[in-house]
Amino acid sequence: METVQSALTVVHGLVAAALEAAAAYEVPALIEAGVFFTFAGLALLFACGVIFLRNVVHSALSLTATFLCVACLYFSIGAEFMGAVQILVYGGAVAILIVMAVMLTRRDDMARSNPSRGVAAHAAAAALAVLFLLAMAAVALLSPFPGGAPELPGDAAAGLADLMLSRYVLPFEAAAVLLLAALMGAVLLAKEADEA
Amino acid sequence: MMSFMELFQWASHVGLTHFLLFSALLFSAGLFGLLTKKGIIPLLMCVELMLNAVNINLVAFSRYLPARDYAGQLMAVFSIVVAAAELAVGVALAFRVYRDRRTVQVDELDRLRD
């Protein structure tokens, strides 16, 4: 009975806050917050799925879903080019590559092909992850960030192209060389040394 | 501590801190998985989670701090390039190791040569 009462109190508080916010014409902010929390929550849920699912194929699909949720977040923030690149590269290439890797390194018991270490390792890893999370949360919440950033004019693709070919042309060319080296290295490694 | 209404007000106006906290959570999840998993492919997947968290940070800073150009998103694009290249080489290594040693658990890869 008490839980029902406290649940009703919470619901009443939420509804009252929502009505108050709606009355203050903050509906766009609420919609944006709803979008953010939905996709951020889903992304974190699927990230937990990557870690805790026991079948590595399920884990790979969960990773793909994480990538798509992150792409939706990019679209919601106004970085449409980044969202498109995220879907193309991560959802389209990285996810496929990982599933192919899973397929070509099959074991007999796929249902338990994503093993974890023991409890001690879990505890130590959780301690380290929580420590890092607290440090990052402290930095994020306590740093005085300057606010009120206006939207940049033009779209991101044109702005990125301008940057990439003028001020950042050296990293651009280095990235091209890196991709070539990775391609050659991957082909060399995956084939036998005398076949390549 | 803040009242419920103040917390709701803070949470309902999405700003830089929301994205930083989300990316910190995603990074810690990837870190936890990286330290806990034993197969090569799950380890690579957790590294990809961490790299995604970093990209979210870069794009969020580019959007919410006063920027004069799209340098943050450009850094994120290069980060994606490096991540894809590293994943390709890692997966090729996994293939080779699987073919030679018939295992993908990193605990069993403890010799430099047979």
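Contact means heavy atoms within 4.5 Å of each other. The model shown in these views is predicted: local features need pLDDT of at least 70, side-chain atom pairs count only at pLDDT 80 or more, and totals for chains, interfaces and linings use all residues. Residues are numbered from 1 along each chain as its sequence is written, chains are lettered from A and ligands numbered from 1 in the order in which they are written, and side-chain values use heavy atoms, with hydrogens and water left out.

**View 1. Surroundings of N52(B) in helix α3 of chain B.** Helices are DSSP runs (H or I, at least four residues), numbered from the N terminus. N52(B) has a relative accessible area of 1% and is therefore buried; the term buried stands for under 20% relative accessible area, exposed for over 50% and partly exposed for values in between, with a 1.4 Å probe and protein chains only. Leaving out residues up to four places away in sequence, N52(B) touches F67(A), V70(A), Y74(A), Q86(A), Y90(A) and L26(B).

**View 2. The interface between chain B and chain A.** Contacts involve 78 residues of chain B and 90 residues of chain A. The size of an interface is often given as the accessible area lost when the parts come together. Here the buried area (accessible area, 1.4 Å probe, that two parts lose on being put together, summed over both) is about 7,700 Å², and carbon and sulfur atoms give 76% of that area. On the chain B side, F32(B), M45(B) and Y70(B) lose the most area to chain A, together 9% of what that side buries.

**View 3. Polar links and helices at the interface of chain B with chain A.** There are 13 residue pairs in polar contact between the two chains, both residues being at pLDDT 80 or more. A polar contact is a pair of N or O atoms within 3.5 Å; within protein, one must be able to donate a hydrogen and the other to accept it, and residues adjacent in sequence count only if both atoms are side-chain atoms. Helices α1 (4-12), α2, α3 and α4 (71-101) of chain B each supply at least two residues of the side that touches chain A. The largest share of that side, 23 residues, comes from α4(B).

**View 4. Aromatic pair between F52(A) and F32(B).** Rings of Phe, Tyr and Trp (its six-membered ring) pair if their centres lie within 6.5 Å; planes under 30 degrees apart count as stacked, over 60 as edge-to-face and the rest as tilted. By this rule there are eight aromatic pairs over all chains. The ring centres of F52(A) and F32(B) are 5.9 Å apart and the planes stand at 50 degrees, so the pair is tilted. F52(A) belongs to helix α2 (residues 27-52) of chain A and F32(B) to helix α2 (residues 16-36) of chain B, so the pair joins two chains. F32(B) is buried, its relative accessible area being 12%.

**View 5. Aromatic pair between F19(B) and Y64(B).** This pair is also tilted, with 5.9 Å centre to centre and 40 degrees between the planes. F19(B) sits in helix α2 of chain B and Y64(B) in helix α3 (residues 40-64) of chain B, 45 residues apart, and the pair links distant parts of the chain. Both F19(B) and Y64(B) are buried. Ring pairs link F36(A), F37(A), F19(B), F22(B) and Y64(B) into a cluster.

**View 6. Charges over the rings of Y64(B) and Y98(B).** A charge sits over a ring if NZ of Lys or CZ of Arg is within 6 Å of the ring centre and within 35 degrees of the ring normal. The charged end of R63(B) is placed over the ring of Y64(B), 4.9 Å from its centre. R102(B) lies over the face of Y98(B), at 4.8 Å from the ring centre.

**View 7. Salt bridge between D107(B) and R117(A).** A salt bridge is a side-chain nitrogen of Lys or Arg within 4 Å of a carboxyl oxygen of Asp or Glu. The count is three over all chains, and one salt bridge is found between chain B and chain A. The side chains of D107(B) and R117(A) meet at 3.0 Å, N to O. D107(B) lies in the segment after α4 of chain B and R117(A) in the loop between α4 (80-104) and α5 (119-142) of chain A, so the pair joins two chains. D107(B) is partly exposed at 41% relative accessibility, and R117(A) is partly exposed at 28%.

**View 8. Salt bridges of R68(B) with D69(B) and of R96(B) with D100(B).** The side chains of D69(B) and R68(B) meet at 3.9 Å, N to O. D69(B) is buried, with a relative accessible area of 18%, whereas R68(B) is exposed, with 69%. For R96(B) and D100(B) the N to O distance is 3.6 Å. R96(B) and D100(B) both lie in helix α4 of chain B, four residues apart, about one turn of the helix.
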